[in-house]
Amino acid sequence: MVQMMQNVHLAPETDEDDLYSGYNDYNPTYDTEELENDTAFQQAVRTNHGRRPPSKTSLTSSMGRPVTGAIQDGVTRPMTAVRAAGFTKAALRGSAFDPLGQSRGPAPPLEVKNEDSPEEKIRQLEKKVNELVEESCIANTCGDLKLALEKAKDAGRKERVLVRQREQVTTPENINLDLTYSVLFNLASQYSANEMYAEALNTYQVIVKNKMFINAGRLKVNMGNIYLKQRNYSKAIKFYRMALDQIPSVHKEMRIKIMQNIGVTFIKTGQYSDAINSFEHIMSMAPNLKAGFNLILSYFAVGDREKMKKAFQKLIAVPLEIDEDDKYISPSDDPHTNLVIEAIKNDHLRQMERERCVEVVKASQYVELANDLEINKAITYLRQKDFNQAIETLKMFEKKDSRVKSAAATNLSFLYYLENDFAQASSYADLAVNSDRYNPSALTNKGNTVFANGDYEKAAEFYKEALRNDSSCTEALYNIGLTYKKLNRLDEALDCFLKLHAILRNSAQVLYQIANVYELMEDPNQAIEWLMQLISVVPTDSRALSKLGELYDSEGDKSQAFQYYYESYRYFPSNIEVIEWLGAYYIDTQFCEKAIQYFERAALIQPTQVKWQLMVASCFRRSGNYQKALDTYKDIHRKFPENVECLRFLVRLCTDIGLKEVQEYATKLKRLEKIKEIKEQRIKSGREGPGGSRGKREGSAGSDSGQNCSANSKGEQLSAKLRALPGTNEPYESSSHKEIDASYVDPLGPQVERPKTAAKKRLEEDDFADEELGDDLLPE
């Protein structure tokens, strides 16, 4: 209480308030008489701030309020809490406005890393050790075991240097144990891979005995594997069991694998009872295929048949966890594994499995499913091109109900049609139609067999009936279009193909047929338009490209024709017609040198046809390379010594150049011409004999004797673009464009329009023969 009273101060007694007090008081700031004695004022005058010109700023605001920091009644007005951004006290002392602090200059440079410091050396060495370990592992993966071991040893040496350096700089607690473990483990693995088992075991012992490595006891499994390779089975079992003791029960999968190793080792030592105990434990805990198979072998070794059966039941109860289709697909490129899979793909067990599966389904309420399985089995044989097995499977349904019989007969008809056995195909087509009159595939197949016999009207009726039963049967619609083409009912054929095009927008076959119908209707512009759509779908179809070139050629557009013929040649450089056209085109444009490569390719394709080699020699001659032409003619004469045209050119070239061989070639030419004349007289006399009619001889005057004559007799002639040459009695002019021979068809004469050959008119049959009657007519 006394202490509390000591802190209490009573207010002093004052007189009553004077009403006139304060009138004589004034602000000491305005007292100029005492400024000389004011030390603070004099100090301010002597500073730079004091030498500034006097400002007119008053100490009171326009509202009469004292300014911030002014003293009134002996009390300084407090400063405001908020100040303008960018303004500091330094600004009051004349510093420049610099809110970002740019006047302080650039930041000081980073401290240079000292590469010679112990810490930096340790980091670099640790990085190098990691790189060596990685390189060792990569080399092992690539199969270079020797290099992998060298890298592992180098990593071990550098790691020991690293440990010593780290002990000198830091405390032993800071040593990187993970790096040490990785280096030693990799070294032991590489020793084992190189079959240096003693060194590998020593390295594993270093790891296992080091108590600082956590879970290092698991590596005893690796040591057991090494002893197993060394056939030291007792030690292998010992280390497997030691590893098993150190692995907790939560790691179930690893424990199962170790127990499986123990069981295999017991089998190798002949201790089958111990092996049986291991495998039975595995099959009770986590059954798998390997353990089940080894358990059966162990029971077989001890002669326990009953337990073998039980073990086999356990084995087949193990889920494969793969699809049926993937069961016989090799997971790797191992040749041994592939051979095993091929062996068991169709072994007796596999056949029994399939048979029992089908029998079980047949005996159940899903008998229709069994029939479908058999049909799918036949289709699978078809995809594998095993037609005999497919036919045997389908013939099993001849005595089944109508639906299954119709499906099987349809496929049999299709198979026999592909084999050109039209009698059997027609027989099974009738069976399919009689079993199910509303089966569009059966009706289509029947129409195909009638079509093959040339009865197009009747074939069209079957196709129409198939379309009435199923308007979406595209095979029937396509085939009826082909039938109308055969009957020359082009408008109806075009209508069928246009309807089919609305269903199959990108079908190359349909697009080609539309173009072909327009060509037959003599509408080349429409044919070209549809062929352009065709090559947008199949841009590499050489037949379509050559057809476009042919149409443009018939229209007189040589540049477009050349473009498409050249594209066709680029994708398929073995089409003789295309090669011939390109060679003739270059001759027409006076580029004989470029034509040579095409005729040389034709000579490679048809080496027995002398005309292509004569064309090559002719191109050399027309281009002015007479020596090359002479060499080519000589080579032709060696291959075809009885060719008259070749001898005539040789005589004329040798005469023009002045060679001595001219007499030899002239003698041969006379002999061949005399033989030719005798043959012609015999033919003429035979035609004028009794019982024979005098007929005109067909063919040109240039029919050769010998090999060339036989070639012409087969009808193999160049197209009309390669005109016949003037007669042989005309003078030879090496610099003129006159021709030499009347019998040789030379490409250097004037051009005439190329007629459409029968082969070209039949292009649709050649290109799409399979599509006409070889459609996929399997049941949907």
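How much area does the protein chain expose, and what percentage of it do carbon and sulfur atoms supply?

1. The protein chain exposes about 48800 Å², and carbon and sulfur atoms supply 52% of that area. Accessible areas come from the Shrake-Rupley method with a 1.4 Å probe; for residues, only the protein chains shown count as cover.

2. This is a predicted model, in which local features need pLDDT of at least 70 and side-chain atom pairs count only at pLDDT 80 or more, while totals for chains, interfaces and linings use all residues. Residues are numbered from 1 along each chain as its sequence is written, and side-chain values use heavy atoms, with hydrogens and water left out.

3. The protein chain has 37 helices and two strands (DSSP runs numbered from the N terminus: helices are H or I with at least four residues, strands E with at least two). Of its 780 residues, 36% count as buried (under 20% relative accessible area, 1.4 Å probe, protein chains only).

4. Helix H27 covers residues 558-571, and its 14 residues should span 20 Å at 1.5 Å a residue (1.5 Å times one less than the number of residues). The end C-alpha atoms are 20 Å apart, in agreement with that value. Buried residues in H27 include Phe562, Tyr565 and Tyr569.

5. Ser413 lies in helix H18, residues 402-418. Ser413 is buried, with a relative accessible area of 1%. Not counting residues up to four places away in sequence, Ser413 touches Ala425, Tyr428, Ala429 and Asn445 (heavy atoms within 4.5 Å). A polar atom of the Ser413 side chain lies 2.9 Å from the backbone oxygen of Ala425.

Definitions and conventions
Buried means under 20% relative accessible area, exposed over 50%, partly exposed in between (1.4 Å probe, protein chains only). A polar contact is a pair of N or O atoms within 3.5 Å; within protein, one must be able to donate a hydrogen and the other to accept it, and residues adjacent in sequence count only if both atoms are side-chain atoms.
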